[in-house]
Amino acid sequence: MMIKIKTLNLKLLTVLSLMILGSWTATAQSNLKNINQNLRYSRYSRISPKIIPIKTGERSFKLQMPVEKIEENANFEDYAFSYVIVKDFNEEINEKNIVPLTTDKLKSDTDRHFYFEETVTIPERQEMAFAVIICKDTRQGDQYVYHADLISPFIADIPSFGGYYANGIPFDQNYINKGEALLFKSDKTLNLYSYYYPMEFEIPLPPMETRPAPTPKDIRVVDNGNFLVNVPQPFDDNGYYFIQADTTEQSGFMVKTTSDAFPNVADYQEMVDMLVYISTRSEHEALREASDKKKALDKYWLNLTKDTEKAQNIIREYFRQIEFANILFTDFKEGWKTDRGMIYTVMGPPTGVFFDADKEIWIYDKLGSNSKISFTFARIKNIFTPSYYKLNRSRSYQPEWFQSITLWRSGKMAF
């Protein structure tokens, strides 16, 4: 366990962490608006930090900070961890407001997570507040950043309870396999109310399609009754669930249920559905109508690539993109069906990712030139998730979109 490090090493690590954080701010003024967070969506990230706030008072919050270990045998000493509270996306982040997260603040170290927990109180007159966790890989300087709203116009409120894995680590994803359970905890004695939405969503329109997307006319909701905290709660049906402590408020906890295969493809029918982004309309209709989906899919890929090995490589690559889209962007929709998931699947991981309070901007080096292309996702307030983003569509995306699709279809797309 990391807690057993000798005092001398702990002090040395603290000093080293401060030095590293100091060098991080020495090159330029850093704030949430200008930090490139592209590692958040990289296929080669070594860790994945999150902040999951729990409201403990009128302006007090418990910051739950699980850091998922993606690399094997992740070593605490290879990273410098810290967090900061800022009042907006323009406030400078520097050694004056950064709080190091050293081994003495490590609440838990499991096979899958480093876990920190801190309590903060926001000043009475401060109108907005955002919590930021910063994890720097000391071996190569990679910087992982994640932020969460505490007080902002884009969230209704923060719930006073949370969902947890069996080992007590906060549940740090939005989906769970159907039939599995979560443990809900709170510092208060609470009855929680469960609502189930058996919804299926349409595939998003392409980025150059400016006509309004169809919206569901009716949203069916099932009242599943109430249950006590500290009792495992199973999720047995396909769709998504919204858990609340107070049904008169808009705050709550959303979790989507998925198949056992998720975030990977579940079956050939699902594989057909996912090919909509790179297929012509006639190709996709033929695949959907085929009685033998496997045979039709084999023929589809061979017709595109004219080569068995190339077909196998591109199938692996395309559905790897789908897997990452599902991991990164699932909310009440499967990740690949969201606007961000669609762009990620076809265009790949962005080279630049920049946030503001009301939007997220992705930047790609434009294929075959020195210029760049950017996608802007507008943030929309949604009671189910604080991270609901909708693409600002434009006809100008059409050339680059079709160019990327051509690369997929010719078996040349790789990341």
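Glu283 counts as partly exposed, at 22% relative accessibility. Its side chain meets that of Arg409 in a salt bridge, 2.8 Å from N to O. This pair links distant parts of the chain: Glu283 sits in helix 3 (residues 281-289) and Arg409 in helix 7, 126 residues apart. The model is a predicted one, and a search of the whole of it finds 25 salt bridges.

**Salt bridges**

Three of the pairs are set out here.

| Pair | N to O distance | Relative accessibility |
|---|---|---|
| Glu283 and Arg409 | 2.8 Å | Glu283: 22% |
| Lys294 and Asp298 | 3.2 Å | Lys294: 40%; Asp298: 37% |
| Asp358 and Lys359 | 3.6 Å | Asp358: 36%; Lys359: 27% |

Take Lys294 and Asp298. They are four residues apart in helix 4 (residues 293-305), so about one helical turn separates them. Both ends of this bridge are partly exposed: Lys294 and Asp298.

Salt bridges can also join up. Arg46, Glu71, Asp78, Asp137 and Arg139 are linked in a network.

**Asp358 in its loop**

Asp358 lies in the loop between strand 18 (352-356) and strand 19 (359-365). Its salt-bridge partner is Lys359. Beyond its neighbours within four places in sequence, Asp358 is in contact with Phe154, Phe377, Ala378 and Arg379. Pro66 is 292 residues away along the chain, and the C-alpha atoms of Asp358 and Pro66 are separated by 25 Å.

**A buried lysine**

Where does Lys256 belong? The answer is strand 17 (residues 253-258). Lys256 is buried, yet it has no salt bridge. Glu334 is the nearest side chain of opposite charge, and it is 4.3 Å away. A salt bridge needs the nitrogen and oxygen within 4 Å, and Glu334 at 4.3 Å is therefore too far to count. Setting aside neighbours within four places in sequence, the contacts of Lys256 include Asn174, Tyr175, Ile176, Gly239 and Tyr240. Thr330, Asp331, Phe332, Lys333 and Glu334 are also in contact with Lys256.

**Helix 7**

Now return to the helix that holds Arg409. Helix 7 covers residues 398-409 and has 12 residues. At 1.5 Å a residue it should span 16 Å, and its end C-alpha atoms are 16 Å apart, which agrees.

Which residues of helix 7 are buried? They are Glu400, Trp401, Ser404, Ile405 and Trp408. Seen down the helix axis, these buried residues fall within an arc of 135°, so they line one face of helix 7. Their cover includes helix 5 (308-329), helix 6 (339-347) and strand 20 (372-379). Just after helix 7, Gly411 takes a positive phi of about 75°.

**A three-stranded sheet**

Strands of a sheet pair through backbone hydrogen bonds, either parallel or antiparallel. One open sheet here has three strands in the order 10-12-15, with antiparallel pairing. Strand 10 (161-164) and strand 15 (233-234) are the edge strands, and each pairs on one side only.

Strand 12 (residues 181-186) pairs with strand 10 over four bridges. Gly163 has Phe184 of strand 12 as its bridge partner. Strand 12 pairs with strand 15 over two bridges. There, Leu182 stands opposite Gln233.

Strand 12 also has two unlike faces. Leu182, Phe184 and Ser186 form the covered face. Ala181, Leu183 and Lys185 form the uncovered one.

Technical notes. Residues are numbered from 1 along each chain as its sequence is written. This is a predicted model: local features need pLDDT of at least 70, side-chain atom pairs count only at pLDDT 80 or more; totals for chains, interfaces and linings use all residues. Side-chain values use heavy atoms; hydrogens and water are left out. Buried means under 20% relative accessible area, exposed over 50%, partly exposed in between (1.4 Å probe, protein chains only). Lys and Arg count as positive and Asp and Glu as negative; His and the chain ends are not counted. Contact means heavy atoms within 4.5 Å. The expected span of a helix is 1.5 Å times one less than its number of residues. The arc is that of the directions from the helix axis to the C-beta atoms. Two strands pair if DSSP finds at least two bridges between them.
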